[in-house]
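Open the model in a viewer and keep the selection panel at hand. The stops below go from overall confidence to individual side chains.

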Amino acid sequence: MNNNQKETTIKGKTAEYTEEINNMPTPAIPTVDLSPFFTAGDDESGRKKCKDMIAEACSDYGFFQIVNHGVPLDLMNQAMELSKTFFNYKDELKRECSSSPDSPLPAGYNKQPDHSPDKNEYLLMFPPESPFNVLPTNPPDFRKILEEMFKYFVKTGEILEAIINECLGLPPNFLKEYNNDRSWDFMVTLRYPPATETENNGITEHEDGNLITIVLQEDIGGLEVCKDGEWIPVIPSKGTLVVNLSDVIQVLSNKKFKSATHRVVRPKGGHRHSYVFFYNLQGDKWVEPLPNFCSAIGVRPKYKGFYYKDYQALRMRNKTHPPSTPEEIIRIGHYEIL
Ligand SMILES: O=C(O)CCC(=O)C(=O)O
Ligand SMILES: [Fe+2]
């Protein structure tokens with residue numbers, strides 16, 4: 001074989017290989033069955049399998065889906081239907097459910113301002129007992145269902161937090177004790193208008209600032225997660241919830257677990273609805289990489305410490321005083337030690 005022939009053969013192989021890669025299906029976000037955490041008895045091996053899958057998903061993607069998570073399907077369906085009914089009301093009626101402009105917290109109904117690149121409207125609530133909530137009286141039952149959804153999501157958040165605690169090898173109940181105040185949790189139900197011929201942004205790419213986010217998205221899809229520079233659609237499936245890890249976990253674990261970059265692309269053909277629950281941290285908590293992931297293993301901390309409320313205030317400012325370029329938006333990188 002002369003050199004020329006050799007080159008042709010190698011080139012041929014490379015072309016085949018490239019084609020193979022290009023034709024490979026986009027990797028799906030892993031789906032984890034949480035039933036071993038709900039069944040009585042000691043299904044240790046079932047639990048271990050879940051934990052292994054979750055640990056891998058958290059370091060690869062910061063995203064996974066869950067089934068058999070304890071939130072009743074009927075409740076989720078009802079919540080979605082009521083949300084659709086509510087958002088179909090006229091603006092004046094929805095605005096009756098907005099908090100006053102001087103309210104310290106942005107509860108109730110709101111719509112993204114026209115200048116925002118994000119196109120959606122939403123109803124935001126804090127824990128059911130919060131005095132800041134402005135909850136709708138119509139459609140009847142909506143308020144009750146929202147409160148129920150909230151309570152179930154808190155339970156799911158607690159289970160996920162306990163699993164992540166184990167996946168990270170932290171002392172038993174470490175995260176539970178650190179994150180022992182549920183008053184900063186909040187839930188949003190959103191409606192996105194259909195994409196137009198020229199524009200389809202629902203929510204611009206971002207990371208969530210909290211600990212763990214739980215999403216119920218409608219069958220129409222639209223949620224996407226970024227992995228190695230590629231956008232992967234999160235395919236909806238009946239009864240499934242999407243989980244994404246957020247900034248606080250990324251900082252505590254010194255980047256062992258990822259706060260996933262994600263976005264919403266509005267599908268064509270109809271409105272898109274979702275519920276998003278932010279399992280959060282109380283503002284006075286100090287956030288910094290835990291010694292387990294730096295000093296104890298001889299690795300430098302990748303972030304400076306900060307009070308959670310200070311980071312939240314900076315994120316809020318991104319919204320109230322949008323910077324002129326996307327690079328100036330404050331994200332968790334603000335605290336990164338380079
Ligand atoms: O609506 C969704 O599916 C996700 C929204 C989201 O990423 C967010 O509100 O932070
Ligand atoms: Fe998000």
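**Stop 1: confidence.** This is a predicted model, so start by colouring the chain by pLDDT. The mean over the chain is 91, and 92% of the residues reach 70 or more. For the complex, the predictor gives an ipTM of 0.99 and a pTM of 0.91. Next, select residues 1–15. Here pLDDT stays under 50, and the model has two contacts beyond four places in sequence for this stretch. Where pLDDT is low, predicted coordinates should not be read in detail. Hide the segment if it clutters the view.

**Stop 2: the iron ion.** Select ligand 2, the iron ion, together with His206, Asp208 and His262. The two histidines coordinate the iron ion through NE2 and Asp208 does so through OD, at 2.1 to 2.2 Å. Along the chain, the donors follow the spacing H-x1-D-x53-H. Asp208 and His262 link distant parts of the chain, being 54 residues apart. Asp208 sits in the loop between β6 (201–206) and β7 (212–217), whereas His262 belongs to strand β11 (residues 262–265). Are these two residues buried or exposed? Asp208 has a relative accessible area of 5% and is therefore buried, the cut-off being under 20%. His262 is buried too, with a relative accessible area of 5%.

**Stop 3: the sheet.** Switch to a cartoon view and select the strands of the open sheet. Eight strands make it up, in the order β1-β2-β10-β7-β12-β5-β4-β3, with mixed pairing. At the edges are β1 (31–33) and β3 (108–111), each of which pairs on one side only. On average, neighbouring strands of this sheet are turned by 25° against each other, direction ignored.

Now zoom in on β7 and strand β10 (residues 241–245). They pair in the antiparallel sense over four bridges. Which residue in β10 is the bridge partner of Thr213? It is Asn244.

**Stop 4: helices on the sheet.** Add helix α3 (residues 73–88), which packs on the sheet. Helix α3 touches β3, β4 (121–125), β5 (186–192), β7, β10 and β12 (272–279), and its direction makes about 115° with that of β12. Then select helix α5 (residues 142–167). Helix α5 lies across β2 (63–67), β4, β5, β7, β10 and β12, and runs at about 55° to β12.

**Stop 5: Arg266.** Go to the loop between β11 and β12, where Arg266 is found. Its relative accessibility is 4%, so Arg266 counts as buried. Show the side chain and two backbone oxygens. The backbone oxygen of Pro193 lies 2.8 Å from a polar atom of the Arg266 side chain, and the backbone oxygen of Pro194 lies 3.1 Å from a polar atom of that side chain. Leaving aside neighbours within four places in sequence, the contacts of Arg266 also include Lys119, Tyr192, Ala195, Thr196, Glu199, Asn200, Asn201 and Gly202.

**Stop 6: Tyr178.** Finish in helix α6 (residues 174–178), which contains Tyr178. With 15% relative accessibility, Tyr178 counts as buried. What does Tyr178 touch, not counting residues up to four places away in sequence? Select Leu252, Leu281, Lys285, Trp286 and Val287, which are the residues in contact with Tyr178 on that basis. As a last check with the distance tool, Tyr178 and Ala55 are 20 Å apart, C-alpha to C-alpha, and 123 residues apart in sequence.

Conventions:
Residues numbered from 1 in each chain as written. Chains lettered and ligands numbered in written order. Predicted model: local features only at pLDDT ≥ 70, side-chain atom pairs only at ≥ 80, totals over all residues. Heavy atoms only, no water. Donors = N, O, S within 2.8 Å, 3.2 Å for Na, K, Ca; no water. Helix = DSSP H or I, 4+ residues; strand = E, 2+ residues; numbered from the N terminus. Buried < 20%, exposed > 50% of the residue type's maximum accessible area, 1.4 Å probe, protein only. pLDDT = per-residue confidence, 0-100. Contact = heavy atoms within 4.5 Å. Pairing = 2+ DSSP bridges. Axes fitted to C-alpha atoms, helices over the stretch in contact; angles between N-to-C directions. Polar contact = N/O pair within 3.5 Å; in protein donor to acceptor, adjacent residues only side chain to side chain.
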